[in-house]
Amino acid sequence: MTRYTSSLRTSLCALFAATSFSAASALDRLEYHNPGLTVDLGVGLWAWPVPCDADGDGDYDLIVSCPDKPYNGIYVFENVTGDTAKDKMPVFKPGPRLSKTVTYVMPSYAKDGSMRVLNPGFEYLNFTKTGIDEKVKLPVEAKFHKPQGKQPKGPKMRHNQWRYEDYDSDGVTDLIVAVEDWSYYGWDDAWNAEGKWMNGPLHGWVYFIKNTGTTEKPVYAEPKFIEADGKRLETFGCPSPNFGDYDGDGDLDLICGEFLDKFTYFENIGTRKEPKYAQGTLMKDTEGKTLAMDLEMIVPVAFDWDKDGDLDLIVGDEDGRVAFVENTGKLSDKRMPVFKAPAYFQQQAETLKCGALATPVGFDWDGDGDMDIVSGNTAGYIEFFENLSGPNVAVPKWAAPKRLEAGGKVFRILAGPNGSIQGPAEAKWGYTTLNVADWDADGLPDILVNGIWGKVELLKNIGTRTEPKLAAPQAIEVEWEGATPKPAWMWWNPKGKELVTQWRTTPAVYDFNKDGLVDLAMLDQEGYLVFFERAKVDGKLVLKAPRRVFVDETGKPLQLNAKTAGGSGRRKLCVTDWDGDGKFDFLLNSSNADFLNQVEEKDGKWVMKNAGTLAERNIEGHDVSPTVVDFDGDKIPDFLGGAEDGRFYFMKNPRAAK
């Protein structure tokens, strides 16, 4: 018989209790369970690629740094197809986590093929084996760049990219540092009445820091801005500088990225020892179109991926995907290198991912009796994940996501040049957040969607129950009592009766008053959770003006966000009877989700009590977007949260164990 001391027994009991609690409140990433399926390779929010032969087997693999939450880490995606000279688009294994990570990790490559990895102020040794666990400090201050702009809002500086390069061909490795200066741009709420941004631009600048010592024992001179066309070289943020002889004349030209989605080419019209750069030109692809990524916050790394002697671009996108942008080896009539359009790498399917900041809704979209997932994301798409297992299967098998179409084309909300309250730097974001319901009572599920503009729109299903087809978006209209309202900071005006409210907040559709018509609840223009009642007037469905009838236990209306401009909105919610008492509740974004428990209905108002988070684990980076699912068909709603990393986190409802 094994004997335990009293203290050991106490420790073991505590351990078992902790383990039990953890299991009960687990938030597990939803997996595909679909062997043989390939999907877009992806980490979480922000992909910083490091192409290299990570495992020493002779072919190129892909290491990706992801500084988000909850996916933070260095991930190693092994190439299981083989030599990229023969197959440029290999399939990768899912990437195991090598270490935690930090921001702005970038590789540098020497002529002998060796690789060194930096971030601001540090070099990471043995990177392919230990990630960022082994580091040495560099003799240059990490934040030597001092922003001079006077805008009071927002960060003064974000991207800070460090790379090695023998810039002046003296045989000694110098430092190249690219900075992204926000001090002139500010952050938000700087549009005039015509939709013109009144703050300064977002600046991306590149420094040359000459090494006057040796590569082994560097001594760095004062940083100097690199110039182009006689003035400071500039991009729209995040330069990601990549030097190389792109036009074959023996000197170092320069390709830069930006905070948005494009690439700029700066030809060296000087010499290898004394570079001199021409004015930057936006690059074109083989079709003559502007070379651009699908999203923004791009991070290009020049690397001869296909081993044909020229430098291709391996590019990380904001949503965690990584693309191969192939150099054709040809020059345009203006002697610019010509690259093919981006092709996104594929991996063996592991966990479901919907871009970044996923906003899932659990719903049987294709009418086959099981619960699918329909989700939005930062890119502004709506994606459909089909459940392939049929009803009442607790651990379903999933198909790869499909982007939904509306009006005969892929649906996408984009801010464009002036659609985001946070300025023109957000042109390629859409932030779709949605609900699925039979809005027009025709027996077919429709989609209500909100996004970066704050416009709430209907995507009407004009197909069938098993083959949905969405019409072009149309405005949701409200029978306002007075002038059509809008958020006070919005520069543009709603048209007619359209519903325009705070951005990035979910439209919650439910029959709240049990009259047989689905209603709408969401944040109003001042951040209060309001009730839009549906009614029939002269045989036509209408949406009544909102009422602030969701209150706390003191009778005070629920204001879920009192912030303005860029800090407004951002509340994700769903309606469900979480505790099984027959009354609807809300799940609201938090570190996972807060349970807003309906206590009672009193004097025409619904009294809600915040009963705290559903679980202990914090998966919140930006917002966690809650929904409920019932894969196993036990009639008890389980939690599914879309996180910053684009993954779906599942937790069984504790009621199911009782």
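Which residues line the second largest cavity? In this predicted model, the lining is formed by Leu-357, Ala-358, Thr-359, Tyr-431, Thr-432, Arg-504, Lys-572, Asp-623 and Ser-625. The report below begins with the enclosed spaces, turns to the largest pocket, and then describes a sheet and several individual residues.

## Cavities

Rolling a probe the size of a water molecule over the atoms shows where empty space is left. A search of the whole structure finds two cavities of 30 Å³ or more. The largest cavity holds about 130 Å³ of space. Its lining comprises 17 residues, and those closest to its centre are Gly-419, Ile-421, Ile-452, Trp-453 and Met-490. The second largest cavity has a volume of about 70 Å³.

The linings of the two cavities, and that of the largest pocket, are set out by residue class in the table.

| Space | Nonpolar lining residues | Polar lining residues | Charged lining residues |
|---|---|---|---|
| Largest cavity | ten residues | seven residues | no residues |
| Second largest cavity | three residues | three residues | three residues |
| Largest pocket | 16 residues | 13 residues | 13 residues |

The lining of the largest cavity thus contains no charged residues, whereas that of the second largest cavity has three.

## The largest pocket

The largest pocket has a volume of about 1,200 Å³. It is lined by 42 residues, of which Tyr-109, Ala-110, Lys-111, Glu-165 and Phe-243 are the closest to its centre. Two or more lining residues are given by each of the following elements: strand 8 (106-109), strand 9 (115-119), strand 12 (157-165), strand 18 (242-244), strand 22 (299-303) and strand 25 (327-331). Strand 25 supplies the largest share of this lining, with four residues.

## A four-stranded sheet

An open sheet of four strands follows the order 3-4-5-7, and its pairing is antiparallel. Strand 3 and strand 7 (97-99) stand at the edges; each has a single partner strand, so one side of each is left without a neighbour in the sheet. From one strand to the next, the twist averages 30 degrees.

At one edge, strand 3 (residues 48-52) pairs with strand 4 (residues 61-66) in the antiparallel sense over five bridges. Within this pair, Trp-48 stands opposite Ser-65 in strand 4. At the other edge, strand 5 (residues 73-77) and strand 7 form an antiparallel pair over two bridges, where Tyr-75 stands opposite Arg-97 in strand 7.

Is strand 3 mostly covered or mostly uncovered? Five of its five residues are buried, and the strand is mostly covered. In a regular strand the side chains alternate between the two faces of the sheet. In strand 3, both faces are covered: Trp-48, Val-50 and Cys-52 are buried on one side, and Pro-49 and Pro-51 are buried on the other.

## Backbone features in the loops

Most residues other than glycine have a negative phi, and most peptide bonds are trans. Several places in the model depart from these patterns. The peptide bond from Lys-69 to Pro-70 is cis, with omega near 20 degrees. Pro-70 lies in the loop between strand 4 and strand 5, two strands of the sheet whose order is 3-4-5-7.

Asp-229 is not a glycine, yet its phi is positive, near 55 degrees. This residue is found in the loop between strand 16 (227-228) and strand 17 (231-232). Its relative accessibility is 42%, so Asp-229 counts as partly exposed.

Tyr-431 also has a positive phi, of about 55 degrees, although it is not a glycine. Tyr-431 lies in the loop between strand 34 (409-410) and strand 35 (433-437). Because its relative accessibility is 8%, below the 20% limit, Tyr-431 counts as buried. Tyr-431 is also one of the residues that line the second largest cavity.

## A buried serine

Ser-240 has its place in the loop between strand 17 and strand 18. Why does Ser-240 count as buried? Its relative accessible area is 0%, and residues under 20% are counted as buried. Leaving aside neighbours within four places in sequence, Ser-240 is in contact with Gln-161, Ala-178, Ile-255, Cys-256, Gly-257, Ile-298, Val-299 and Pro-300. Strand 18, at one end of the loop that holds Ser-240, is among the elements that give two or more residues to the lining of the largest pocket.

Note on methods. Residues numbered from 1 in each chain as written. Predicted model: local features only at pLDDT ≥ 70, side-chain atom pairs only at ≥ 80, totals over all residues. Heavy atoms only, no water. 1 Å grid on protein atoms, 1.4 Å probe; cavity = no way out; pocket = protein on both sides within 12 Å on 5 of 7 lines; lining within 4 Å. Points joined across faces, edges and corners; volume = space filled by probe spheres on them. Nonpolar A, V, L, I, M, F, W, Y, C, P; charged D, E, K, R; others polar. Buried < 20%, exposed > 50% of the residue type's maximum accessible area, 1.4 Å probe, protein only. Pairing = 2+ DSSP bridges. Axes fitted to C-alpha atoms, helices over the stretch in contact; angles between N-to-C directions. Contact = heavy atoms within 4.5 Å.
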